[in-house]
Amino acid sequence: MPETEHTAWLGALLVDFVDRLVPKRLLRLLVHPKFHALVGADRMEALGGWIDNKFMLKRRQKRCSEQQIDQSTKDYLKSRFCANPFRELETTPTGLAYVCCPIWLPTPIGTLDTPPEQLWSSDAAKRIRESILDGSFKYCSHLHCPAITGRTLPPRDAPESVAMIKQYEESPAKLPEHLVLSHDKSCNLSCPSCRSAVYMADSRKQERLDQLAERTLLPLMRGAKSVMITGSGDPFGSKHFRNLIKRLNGGDFPQLRLELISNGQLLDRRAWSELNLRGRVSYVQISIDATTASTYAIVRRGGDFKRLLKNLAFLRDLRTSGEIERLEFSMVVQTLNFREMPGFVRLGEEFAADSIIFNMIRQRDIFSREEYVEAFIGSPDHPEYDAFVETLKAPELAQPNVQIGNVLEYVKRAQAGAAV
Ligand SMILES: C[S@@+](CC[C@H](N)C(=O)[O-])C[C@H]1O[C@@H](n2cnc3c(N)ncnc32)[C@H](O)[C@@H]1O
Ligand code: SF4
Ligand code: SF4
């Protein structure tokens, strides 16, 4: 074998070795609290981001490209449309940009340091939009996307779909209408489903994020109608997001409406006034995951249930007075809380939530295989699986304001004997 071929072969073998073995072991090491303390939160964050972009992203894309799609889903998609890739931009903590949720559609359109217009019209962005237009939806995860599993995509010939397709054909570079900002993981809590320790960006990192917002995000928001903060950390727990919210509410974006996803611990009357939120927020989603103080203390580590209830009462006032248009509560379904699902719907009613969202706990790099097996209640091998399936029959869960997300999809797949 010539030397160059030999070197290439060895190189490929090494990459394969690293790809198969190192990330899992390395990630286990990375989440160890002692290692965390030694290296420092921001360096850990950068390293985790590098591993995610280098290895985990490829795996998510591979799983997506190899997914088995049944004929009924294929037929369904041929007649449907999704506007997200034509109107939405989402940022991530690893510095990438997407045109939908990165779990539902794991192909990025570029990096956040790309000039704004170039990023929005990148080749990857065009390919994704084409896959919606040709009805293949091949970059979308048919397991994770709730619009596909829940069959809620609009028909391709609906007037809004036709208008969006026409607009794209006439001006393909039109900037996003909606942004989801998830580039800072800073949060006041450390829910075990999400992270192994509290993460707060240090002042240097915050400054870099503030600069990124000025350079890339604010120019991309010129034509936007709404911005969602955040799927990564907490809008009130992150200094960067608090700065950004103040900046957006300072008068330069009078049409822009905010949508907030928060653990709700810091969302009180004081924050509402300090961040000048009055008249600016259309939607609030509070992730709660529990109906009792004892479960809450575990699944929302660092949170105080009493404080949450007080803030939920404040949110109920905002909703009933019409100050916000929509209020939703969400639960990540897992072994620790599945029995509280029916009560969670009642909690939503008590606090005037328009909708209750359930989503199955997703595997994250922070879990060991054993931890995930223990938490993932959707497996028929789980000792409490029968009790889980029985709970799902509760009448509360069949109410029209309940979004059961991918929970039933997992059960359906398990019953069909498919891998979950
Ligand atoms: C990462 S949080 C960021 C927003 C905010 N801090 C909050 O908790 O609502 C976004 C959503 O992800 C959910 N989440 C956390 N860990 C998850 C997991 N392992 N699987 C699925 N969803 C998860 C949270 O409950 C929340 O609804
Ligand atoms: S993943 Fe779902 S929501 Fe996202 S673009 Fe595809 S169909 Fe639309
Ligand atoms: S509150 Fe949200 S961002 Fe913070 S740790 Fe919990 S799930 Fe993660």
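Q: If helices are DSSP runs of H or I with at least four residues, and strands are DSSP runs of E with at least two, how many of each does the protein have?
A: In this predicted model, the protein has 19 helices and 10 strands.

Q: Why is the protein called as compact as a globular protein of its length?
A: The globule rule, which is 2.2 Å times the number of residues to the power 0.38, gives 22 Å for 420 residues, and the radius of gyration of the protein is 22 Å, close to that value, so the protein is as compact as a globular protein of that length. Along its principal axes, the C-alpha trace spans about 75 × 55 × 55 Å.

Q: What share of the contacts in the protein join residues at least 24 apart in sequence?
A: Among contacts between residues at least 6 apart in sequence, 71% join residues at least 24 apart, where a contact requires heavy atoms within 4.5 Å. As for burial, 50% of the 420 residues count as buried, and the accessible surface comes to about 20600 Å², of which 55% belongs to carbon and sulfur atoms.

Q: What makes strand 3 and strand 10 edge strands?
A: Strand 3 (110-111) and strand 10 (402-403) each pair on one side only. They belong to an open sheet of 10 strands with the order 3-2-1-4-5-6-7-8-9-10 and mixed pairing.

Q: Why are strand 4 and strand 5 said to pair?
A: Two strands pair if DSSP finds at least two bridges between them; strand 4 (residues 178-181) and strand 5 (residues 226-229) have four bridges in the parallel sense, so the criterion is met. One of the positions involved is His178, whose bridge partner in strand 5 is Ser226.

Q: What joins strand 1 to strand 2, and in which sense do they run?
A: Two bridges join strand 1 to strand 2 (residues 96-98), and the two strands run antiparallel; since the definition asks for at least two bridges, this pairing just satisfies it. The two strands form a hairpin with four residues between them, and Gly95 in the turn has a positive phi of about 85°. Strand 1 is also joined to strand 4 by three bridges, in this case running parallel. Glu90 takes part in both pairings, with Tyr98 as its bridge partner in strand 2 and Val180 opposite it in strand 4.

Q: What makes both faces of strand 1 count as covered?
A: On one side of strand 1 (residues 88-91) stand Glu88 and Glu90, on the other Leu89 and Thr91, and these four residues are all buried; each therefore has under 20% relative accessible area.

Q: Why does Asp289 count as buried?
A: The relative accessible area of Asp289 is 0%, and the cut-off for burial is under 20%, so Asp289 is buried. The residue is found in the loop between strand 7 (281-287) and helix 14 (293-299), and its phi is near 70°, a positive value in a residue other than glycine.

Q: Why is Ala352 called partly exposed?
A: Its relative accessible area is 23%, and partly exposed covers the range between the buried limit of 20% and the exposed limit of 50%, so Ala352 falls in that class. Ala352 lies in the loop between helix 16 (341-350) and strand 9 (355-360), with a positive phi near 60°.

Q: How do you know that the peptide bond from Ile229 to Thr230 is cis, and what is its omega?
A: Omega of this bond is near 10°, and the bond is cis. Thr230 is placed in the loop between strand 5 and helix 12 (239-248).

Q: Why does His240 count as buried?
A: At 1% relative accessibility, set against a limit of under 20%, His240 counts as buried. His240 lies in helix 12 and, leaving aside neighbours within four places in sequence, is in contact with His183, Asp184, Gln206, Leu209, Asp210 and Ala213.

Q: Why does Trp272 count as buried?
A: Trp272 has 6% relative accessibility and so counts as buried, the limit being under 20%. Trp272 lies in helix 13 (residues 269-274), and its contacts beyond four places in sequence include Leu267, Leu277, Phe314 and Ile324.

Q: Of which classes is the shell around ligand 2 made up?
A: The shell has nine nonpolar, one polar and no charged residues. Among the residues surrounding ligand 2 are Cys82, Cys100, Cys140 and Cys145, together with Asn84 and Trp104; Cys and Trp count as nonpolar, whereas Asn falls among the polar residues.

Key. Residues numbered from 1 in each chain as written. Chains lettered and ligands numbered in written order. Predicted model: local features only at pLDDT ≥ 70, side-chain atom pairs only at ≥ 80, totals over all residues. Heavy atoms only, no water. Buried < 20%, exposed > 50% of the residue type's maximum accessible area, 1.4 Å probe, protein only. Near = heavy atom within 4 Å. Areas by Shrake-Rupley, 256 points an atom, 1.4 Å probe, with all protein chains shown as cover.
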